[in-house]
Amino acid sequence: MIWGPFQAYPMPMTPAQTTHNASRETTLQVGGMTCASCSARVEKALLKVPGVSSATVNLATERASVHGLITVPREALVQAVEAAGYTVSDADEPVQPLPNRIPEPWAIAAGAVLTVPLLAPMLLSGLGIHWMLDGWIQWALATPIQFVLGARFYREAFKALRARSGNMDLLVALGTSAAYGLSVYLLFRHADHGSPHVYFEASAAVITLVRLGKWLEGRAKRQTTEAIRALNALRPATAHRLREGQEQQVPIDSLVVGDVVRVHPGERVAVDGRVTEGTSDVDESLITGESLPVAKHVGDRVTAGAVNGDGVLTVETTAVGAETTLARIVRLVESAQAAKAPIQRTVDRVSEVFVPVVLGVALLTALAWLGWSGDWEQAIVNAVAVLVIACPCALGLATPTAIMVGTGVAARHGILIKDALALEIAHRVDTVVFDKTGTLTQGRPALIDFRAAGDVERNEVLRLAAALQQGSDHPLARAVGQAARERGLDLPTSTSLRALPGRGVSGMVDGALLSLGSSRLMRESGAEAGTLGALAHALEAEGRTVSWLLKGDSPTARVLGLLAFGDPVKPGAAAAISRLKTQGVRVVMLTGDNPGSAIAVARELGIDDYTAEVLPGDKSALVQRLRAQGRVVAMVGDGINDAPALAAADVGIAMATGTDVAMETAGITLMRGELSLVADALDISRRTSATLWRGLFWAFVYNVVGMPLAAFGLLNPVIAGAAMALSSVSVVGNALLLRRWRPGKAARA
């Protein structure tokens, strides 16, 4: 700082200072986590690294996202994770299994073969068959299960103890060791008195069932990341680059902006670019969710990952690598899946104290049974059941798996959810605010109506007006030309064209002087509106722009006809608004246009609540006013002027057909301009939230119901082990049901 008169103004930072204080995000792939306690332990270890400001660990994706100073070396983060007892690999690769390890299915199958004979007496007793396997044979079958198949539980439990924390592996190791140890003790003590009652089947069955449950859980978790894998698979490895007229197949990483590539029929587009030659239909379904192929012509944009149809396209590259739309979509989805919803942070706090509480309950169970019955064998068995039934895995998986599947299936259908907070809030939205221009309407003028005066033919008015507008880039001129082309009109040549600033244009067509322009031009030319005057007044009251076609010069000019321009509403907009209202959502429209235009659009779409002539800053204030009334507001917009309102809303929803500023501000981006996606976004949020809470409910039920049953001796350790394994699998399976979601499904149901 400079002291004295300028002390309020800090000195500009030097490049070295700027670099020193800059921050970055580092992503680590963490292996060895088995429950929510593990992810909490990794977070704590990372937060202890100097320079780290925040760390988020996702149990379902096994990824750690670390924010900190740019000076924090990656090696320091890796060391912190490894010191906590876990492994780290590159973020782009899954954690590799240990070398020479028996494949999991084979290990589980071997455990099942050894466990079935131990469980046979219990199963046969239900059929009235009383048979007992010799105790030493039981010991021979249970020992390899305990110390070979169960070795991983001992390893991870040791790491947890070394880090002064607890996890699922510690509970399983303690519970099965107690059952196995008690059985060995009874076997040796009563060896001279026949085969005593032992509990080898409990320890063996718990280990086998838990391993089976973790394997099924892992398979299910991999399905939750299917959306990301599908998006990554869209990126082709090579492209056909054109250099000096020669076509070369080159790696996609060698392309730069400005390169020209050729896309053959059936190939995937390798880059974001602009079509410079050729026409074709392009399938963009996996990127935008658009179900039908989109026609592409010269000048149109194409997106990397789209599938070309029957034509050959020549494309000039505008974005490559990490800057392509596909890469940005993948980053957004990964970011949303890695983020933690607010409810997950509450679950994490519960998980931190979960294992110590379970250990305390198990100890109290053993002491209570010992004091009440004096049967220390039964006391240990019941304590083992408590340790086995209590598993924090399901708690840790309920939220992230639901968010992963929900954001993934939404992305597959053209709805990009940027963060978990937007997903969690969207299901509570009761008010949707729409910007009009470019959101509810197409954002470009179109010829709405045209009429002829006197004995002039109607199509002649359009033909002459289009002739005057040939070669002009004015939006109204393009609208007239488009309407003439749609009707197949042959346009005559126009000469002596002259712009009339603030009024219109004039020129010679078919040997006559014609003018096309505003009402002011008509008045200055001395022409009379005649019977078209009332129609023009009504059109202007609706917010339409009226242009007059005149023949001749002042003061003898006469009106040939009028043309009315407007911004037409998007196809399906009325149905989308109706669907939102059916769902009980209040719909509000804001626009900077005049009241007549606002009334016309509101009437056409069935919107009862609207405000016209709103400045960009006022949009944000109106959104904040709705929130102050206790409403949960979603703002839908597409322009730079919508960005403040998008940021002010509880949930911002941007159209990808709009500006980058709007998309960066919004929490949800719709990859297509279809307004039906707004209701779809709210619907997938509701379904994801319901799935999340359903998963948490079952996760808590397993423990809240199971632990007391085990403590009171009503739950066999074998059944407890099966329930514990089933809890994680059922929670992940519950989340996978979201994959069946389809846009508009709620509306059709």
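Tutor: Before we start, buried means under 20% relative accessible area, exposed means over 50%, and partly exposed is anything in between (1.4 Å probe, protein chains only). This is a predicted model, where local features need pLDDT of at least 70 and side-chain atom pairs count only at pLDDT 80 or more, while totals for chains, interfaces and linings use all residues. Residues are numbered from 1 along each chain as its sequence is written, and side-chain values use heavy atoms, with hydrogens and water left out.

Student: Okay, why is F147 called partly exposed?

Tutor: F147 has 44% relative accessibility, which falls between the two limits, so it counts as partly exposed. Y154, at 28%, gets that label too.

Student: What makes F147 and Y154 a stacked pair?

Tutor: Rings of Phe, Tyr and Trp (its six-membered ring) pair if their centres lie within 6.5 Å; planes under 30 degrees apart are stacked, over 60 edge-to-face, and the rest tilted. By this rule there are eight aromatic pairs. For F147 and Y154 the centres are 6.1 Å apart and the planes sit at 15°, so the pair passes on distance and is stacked on angle. Those two also belong to one aromatic cluster with Y180 and F200.

Student: And what makes F697 and W698 edge-to-face?

Tutor: The centres are 5.3 Å apart and the planes meet at 75°, which is over the 60 degree limit, so edge-to-face it is. W698 itself is partly exposed, with a relative accessible area of 44%.

Student: How do you know that R458 sits over the ring of F450?

Tutor: The rule wants NZ of Lys or CZ of Arg within 6 Å of the ring centre and within 35 degrees of the ring normal. R458 lies over the face of F450 at 4.0 Å from the ring centre, so the distance part is met. The charged end of R152 does likewise over the ring of F153, 5.1 Å from its centre.

Student: Why is E460 with R463 called a salt bridge?

Tutor: A salt bridge is a side-chain nitrogen of Lys or Arg within 4 Å of a carboxyl oxygen of Asp or Glu. In E460 and R463 the closest N and O atoms are 3.0 Å apart, so the pair qualifies. Both lie in helix 17 (residues 458–469), three residues apart, about one turn of the helix. Helices here are DSSP runs (H or I, at least four residues), as are strands (E, at least two), numbered from the N terminus.

Student: Is R672, in its bridge with E674, buried or exposed?

Tutor: R672 is buried: its relative accessible area is 10%, under the 20% limit. The bridge to E674 is 3.1 Å, N to O, and E674 counts as partly exposed at 31%. Elsewhere, salt bridges with shared partners join R241, R243 and D259 into one network.

Student: Why is L714 called exposed?

Tutor: At 62% relative accessibility, L714 is over the 50% limit, so exposed is the right word. You'll find L714 in the loop between helix 26 (676–711) and helix 27 (717–736).

Student: What makes S496 exposed?

Tutor: Its relative accessible area is 58%, again over the limit, so it counts as exposed. S496 is in strand 17 (residues 494–500), and has a positive phi of about 55° although it is not a glycine.
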